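Visitor: Could you pick one small part of this protein and take me through it slowly? I'd like to see how a single residue sits among the others.

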Amino acid sequence: MDWKPISTAPSNVRILVSNGHRVFIARCGAIRWYDDADQLIQRPELWMPLPEAPSDLRPATKPTRRARASSSI
């Protein structure tokens, strides 16, 4: 995915936006951009869609124990 000019961003959809210094998950209100905490984002310049959530949500597997080789003296 590549960054696109903010003028091409969809409205009323959560997307990634960048103001050149930071990246936010944001949505466009009536005329301004807000993050998920409803904080105003100053001058966003670029946007890209959010990546898809992982479809495979299996829990992490525990490492298996290897049997120790017995040593005979």
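Guide: Let's go straight to Ser 18, which counts as buried because its relative accessibility is 9%, and the cut-off for buried is under 20%. Keep in mind that this is a predicted model. Ser 18 is part of strand E2. Follow its side chain and you'll find the backbone nitrogen of Gly 20 at 3.1 Å. Now skip the residues up to four places away in sequence: Ser 18 still touches Trp 3, Val 23, Pro 44, Glu 45 and Leu 46.

Next, the strand around it. E2 covers 15–18, and along with E3 (23–28) it gives two or more residues to the largest nonpolar core. That core has nine residues: Ala 9, Ile 15, Val 17, Phe 24, Ala 26, Cys 28, Trp 33, Ile 41 and Trp 47. E3 gives the most, with three residues.

Pick out Trp 33 from that group. Beyond its neighbours within four places in sequence, Trp 33 is in contact with a whole list of residues, including Ile 15, Val 17, Ala 26, Cys 28 and Ile 41. Pro 44 is on that list too, and you've already met Pro 44 as a residue that Ser 18 touches.

Now zoom out. The chain has five strands and zero helices, so to speak a plain β-β-β-β-β when you read along the sequence. Of its 73 residues, 21% are buried, and Ser 18 is one of the buried ones. As for the outside, the accessible surface comes to about 6700 Å², with 52% of it belonging to carbon and sulfur atoms.

Terms used
Residues numbered from 1 in each chain as written. Predicted model: local features only at pLDDT ≥ 70, side-chain atom pairs only at ≥ 80, totals over all residues. Heavy atoms only, no water. Helix = DSSP H or I, 4+ residues; strand = E, 2+ residues; numbered from the N terminus. Buried < 20%, exposed > 50% of the residue type's maximum accessible area, 1.4 Å probe, protein only. Areas by Shrake-Rupley, 256 points an atom, 1.4 Å probe, with all protein chains shown as cover. Core = buried A, V, L, I, M, F, W, Y, C linked by side-chain atoms within 4.5 Å. Contact = heavy atoms within 4.5 Å. Polar contact = N/O pair within 3.5 Å; in protein donor to acceptor, adjacent residues only side chain to side chain.
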